[in-house]
Amino acid sequence: MKKTAFITGAAKRIGADIATGLASKGYHLILHYHRSKKEMMALKNTLETTYKISVQTVCANLADLASLKQLTPLFENSIDLLINNASCFPERDFLSEDISSFENNFNTNFSSPLFLAQHFIKSQKKGHIINFLDCNIDKHASLHPIYLFAKKSLGHLTHFIAATYGPHFRCNAIAPGYILDPSDAPRTDKQRAEKFKSIPLRQQGNTQQLLSAIHYLEEQTFVTGQTLYVDGGSRLV
């Protein structure tokens, strides 16, 4: 029997590569997007045509918790895997933060994943949740402080769900390092070489490595409450 995966932030970049990788393994998909309708419709068509699986799509702004009502009916489906991938990454000085920017950032990166996990656990008999964190969650200084606080909180939520809702539900996390450049500011070769100085393995990761981490967590059913750092050792320095 084929599994079904629900992935947030799945229209482009890491989310789209995860969706493609799971489709290649025969998963049916429920894919969330916000602004990237054109990219999502193209991805849906490609995945259904290439892999002969079903793809449902849903549009919602995860920064607005009221929009979650657009997602909750999807949990009437049988879902095996929830991947909380969607995030925002604003660079904003702590002293310049205001309530609106805080809510947009924290809701996207923590509150929405929390409530989606809640709906998943309430609606399904069993399942697996994978939360995407950040390799810097063990650090404290940041140019993205509210983002970092949210990802730290999502890490704690991962542990809570694993400890509280076993044996029927597992919850794990993946903490990527330098996988992709920001979409609006690709690094030059010189900037990339400078970035490598802060990575013990002196290289950039790729989305296939993240997909391999997902497959590992899916297959190893005795693993829960764990965070896999796919970061080349960045967290260590």
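Buried here means a relative accessible area under 20%. Keep that in mind as we walk through this predicted model.

Q: How many of the residues of strand E6 (residues 169-176) are buried?
A: The side chains come in two sets: Phe169, Cys171, Ala173 and Ala175 point one way from E6, while Arg170, Asn172, Ile174 and Pro176 point the other way. Both sets are buried. That leaves E6 mostly covered, and the count of buried residues is eight of eight.

Q: Which residue of E6 is the bridge partner of His128?
A: Start with the strands: E5 (residues 127-132) pairs with E6 in the parallel sense, over six bridges. Ile130 stands opposite Asn172 in E6. For His128, the bridge partner in E6 is Arg170.

Q: Which hand does the β-α-β crossover from E5 to E6 have?
A: E5 and E6 are joined by six bridges in the parallel sense. To get from E5 to E6, the chain crosses through helix H4 (residues 145-165). This β-α-β crossover is right-handed.

Q: In E7, which residue is the bridge partner of Pro176?
A: Strand E7 (residues 227-230) runs parallel to E6, and four bridges join the two. Pro176 is one of the buried residues of E6. Its bridge partner in E7 is Val230.

Q: Which strands stand at the edges of the sheet?
A: The open sheet has seven strands with parallel pairing, in the order E3-E2-E1-E4-E5-E6-E7. An edge strand has a single partner strand, so one of its sides is left without a neighbour in the sheet. The two strands that fit are E3 (55-59) and E7.

Q: By how many degrees are neighbouring strands of this sheet turned against each other on average?
A: We're talking about the open sheet of seven strands, E3-E2-E1-E4-E5-E6-E7. With direction ignored, the average turn between its neighbouring strands is 15°.

Q: What angle does the direction of helix H6 (residues 207-219) make with that of E6?
A: Helix H3 lies across E4 (81-84), E5 and E6, and runs at about 175° to E4. H6 packs on the sheet too, touching E4, E5, E6 and E7. Its direction makes an angle with that of E6 of about 160°.

Q: Is Ser111 buried or exposed?
A: Ser111 sits in helix H3 (residues 99-123). Leaving out residues up to four places away in sequence, Ser111 touches Leu65 and Phe106, and its side chain makes a polar contact of 3.4 Å with that of Asn107. Its relative accessible area is 13%, which is under the 20% cut-off, so Ser111 is buried.

Q: What is the relative accessibility of Thr108?
A: Thr108 is another residue of H3. Not counting residues up to four places away in sequence, Thr108 touches several residues, including Leu62, Ala86, Cys88 and Pro113. Thr108 counts as buried because its relative accessibility is 10%.

Q: How many residues apart are Phe6 and Phe75?
A: The structure holds seven aromatic pairs. Phe6 and Phe75 form a tilted one, 5.3 Å centre to centre with 40° between the planes. The pair links distant parts of the chain, with Phe6 in strand E1 (residues 4-7) and Phe75 in the loop between E3 and E4: they are apart by 69 residues.

Q: Which class of aromatic pair do Phe160 and Tyr165 form?
A: First the burial values for the pair above: Phe6 is buried at 0% relative accessibility, and Phe75 is buried at 4%. Phe160 and Tyr165 lie 6.1 Å apart, centre to centre, with 80° between the planes. An angle over 60 degrees puts a pair in one class, and for Phe160 and Tyr165 that class is edge-to-face.

Q: What is omega for the cis peptide bond of Gly166 and Pro167?
A: Pro167 lies in the loop between H4 and E6. A cis peptide bond joins Pro167 to Gly166, with omega about 5°.

Q: Is Lys52 buried or exposed?
A: Lys52 is in the loop between helix H2 (37-51) and E3. Although not a glycine, Lys52 has a positive phi of about 55°. Its relative accessible area is 62%, over the 50% cut-off, so Lys52 is exposed.

Definitions and conventions
Residues numbered from 1 in each chain as written. Predicted model: local features only at pLDDT ≥ 70, side-chain atom pairs only at ≥ 80, totals over all residues. Heavy atoms only, no water. Buried < 20%, exposed > 50% of the residue type's maximum accessible area, 1.4 Å probe, protein only. Polar contact = N/O pair within 3.5 Å; in protein donor to acceptor, adjacent residues only side chain to side chain. Contact = heavy atoms within 4.5 Å. Pairing = 2+ DSSP bridges. Right-handed = clockwise from strand over helix to strand, strands pointing away. Axes fitted to C-alpha atoms, helices over the stretch in contact; angles between N-to-C directions. Phe/Tyr/Trp six-rings, centres within 6.5 Å; stacked < 30°, edge-to-face > 60°.
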